[in-house]
Amino acid sequence: MSLSASPSTPTASDTNMPLAELSRRAYHIRRHALKMGQVQGQGYVGQALGIADVLAVAYFRALNLRPAEPEWEGRDRFLLSIGHYAIALYAALIEAGVIPLEELETYGSDDSRLPMSGMASYTPGMEISGGSLGQGLGIAVGMGLGLKRKGTGQFVYNLLSDGELGEGSTWEAAASAAHWKLDNLIAVVDFNNQQADGPSTQVLGMGDIAAKFEAFGWHAQFVDGNDMEALVAAFDTARELDDPRPRVIVAQTLMGQGVPFLETREKTHFIRVDEDEWDKAIEVLDTGFAAAAA
Amino acid sequence: MSVETPAKPRLKTSAMIASIAAEGQRTISAPFGHALAELAAKKPEIVGMSADLAKYTDLHIFREAHPDRFYQMGMAEQLLMMAGAGMAREGFQPWLTTYAVFATRRAYDFLCLAIAEEGLDVKVACALPGLTTGYGPSHQASEDIAILRGMPELTIVDPCDAIDIQQAVQPISDHKGPVYMRLLRGKVPAVLDEYDYTFELGKAKMLREGADVLFISSGLMTMRALEAADALRADKVEAAVLHCPTIKPLDEATIRAAVAAKPGRLVVVAENHSVIGGLGEAVAASLLGSGTVPSGFRQIGLPDRFLDAGALPTLHDRYGISTEQVVARTLDWLDA
Ligand SMILES: Cc1ncc(C[n+]2csc(CCOP(=O)(O)OP(=O)(O)O)c2C)c(N)n1
Ligand SMILES: [Mg+2]
């Protein structure tokens, strides 16, 4: 089957984008990510499948972007601090028409614009070089301050992981964002309860993440990150709220979402997908989406 | 005439975890983890601590052997250093693990002040030293030694292979004081058992002699220098290899003696590190400072730039640290 990746309209997103359309976009994002994983026989596809719904809402409803002009000054900024989630963001950028679909074939290869860890110098639409985790939220604070100085009204988003909550730098930024009343800063925490050495709650238990942000002076929402309706409501609230506080959406996601045999596979930072499983993963994703859409 | 389209080249990967072992090379699995677990059975003061990278630094082997002596500190490298300092103050010998970039860049001040300035007995063992991942600058510790060489009190060790790592763990533990150890993890090549060699902290060792070139090397570049020395024979070039696993304090006496013994040899310092601030500059300063001047001096190391993402073999070639590049560059220098 073919996916029409490039929307013809100059802006990919629409603040009234209906749920069914967002679900279709999320399905495409998952599919692109699996295709990229298949190219290399590996990749952080568990994370990509889990975060696809968040990215669909971000890129097709919330963010003000011009896909043909990724550096358009008026865009909302979307910072991916988790460099290893690059495969997920590439999938979203492909779906949004920022990166051509064919380029997916080069994923992770020598001299590709799509290296395995996301870097601003390589990829259009990649705002920052991630990978050294715990830097995104602080950069977002600086951009939030800068955007306020310019008075042009854009938002800065930061997608960060539950693992990044272990870094002190994240909480320096959290305190600062509240201090500066950065109501133009929207953080999204992927609470997939996973990091390199095991479940985040066991590696470094953070307790109630939303409550922690609230205690730091943030407006916090905790949502099911694979529930499209809940995500739409949370993003809309974060944008429209009349409140001087920075906003955080703690999105609880399921690694492997959309591919049942990966959803139930033993959870690790790097979910194993065997060589003969890629086609099968794409097939069950397709049938699952078709069934849900019917 | 039929034009054959070449088979599509296999795509290379810029994955975080890449093996430095050549195809078919003999390897030993997790040498650091096993050596530490074994030593800890004899030394109850040893504890292991990691910043969410036990599994990726082979410390999980220690954790499995001594679960009650392992502390998972979360992805918080600054805390790792501070808590390691606290453990050492209470009389334990913590072995801290993370990636080289995060221990040196993010946690520098904490390693410097909380640990080294107090001379505390903390060992920091770090995976992905130099260019051992194709993941890009966020994970490539091309300047970890440059960052740390200026830190007083700190001992810096850059082992060559699995044998070196196995042998280094006990002397590092027996040495009272902070040590930074560059770690090769996973399936690690084993080569030094083919030579008359034992690791001694603070000592450089001549692995093979040769009249034309003297390689002075550390870490995995000793492996490459040995391979290059073999290959150079085909060009009637005899190369010596002086392995220098302790970068600081540097075994200046052995290095100077080796150079002075045959001053006509071209000296090539080879390291898996930036040409700035590593073994090469340390050797150069030592030689010049003592008036031990070789006929020629060259450096093989990483360039002073942020390195590309890509497959490791591609990058090692690109930056001149693959065996083939070591051979070719050495021949060029001899010709010049
Ligand atoms: C500062 C820093 N420390 C350590 C790492 C190594 N690392 C890469 S991913 C990762 C786990 C981070 O947690 P999370 O992003 O929640 O992992 P996931 O959900 O993808 O399993 C770690 C420790 C890093 N990239 N940056
Ligand atoms: Mg996580």
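Which helices of chain B each supply at least two residues of the lining of the second largest pocket? In this predicted model, the contributing elements are α8 (220-232), α11 (312-318) and α12 (323-335) of chain B. Of these elements, α11(B) gives the most to the lining, with 4 residues. The second largest pocket holds about 400 Å³ of space, and 16 residues line it. Closest to the centre of this pocket are I20(B), A21(B), A22(B), R224(B) and P313(B). By residue class, the lining comprises 6 nonpolar, 5 polar and 5 charged residues.

The magnesium ion (ligand 2) is bound through protein donors from chain A, namely D162(A) (OD), N192(A) (OD1) and Q194(A) (O). These donors lie 2.1 to 2.2 Å from the ion, and their spacing along the chain follows the pattern D-x29-N-x1-Q. D162(A) is located in the loop between β2 (156-161) and α5 (168-179) of chain A, whereas N192(A) occupies the loop between β3 (185-191) and α6 (200-203) of chain A; the pair therefore ties together parts that are 30 residues apart in sequence.

Solvent accessibility was also computed for two of the magnesium donors. D162(A) has a relative accessible area of 4% and is therefore classed as buried, the cut-off being under 20%. N192(A), with a relative accessible area of 9%, is likewise buried.

Notes:
Residues numbered from 1 in each chain as written. Chains lettered and ligands numbered in written order. Predicted model: local features only at pLDDT ≥ 70, side-chain atom pairs only at ≥ 80, totals over all residues. Heavy atoms only, no water. Donors = N, O, S within 2.8 Å, 3.2 Å for Na, K, Ca; no water. Buried < 20%, exposed > 50% of the residue type's maximum accessible area, 1.4 Å probe, protein only. 1 Å grid on protein atoms, 1.4 Å probe; cavity = no way out; pocket = protein on both sides within 12 Å on 5 of 7 lines; lining within 4 Å. Points joined across faces, edges and corners; volume = space filled by probe spheres on them. Nonpolar A, V, L, I, M, F, W, Y, C, P; charged D, E, K, R; others polar.
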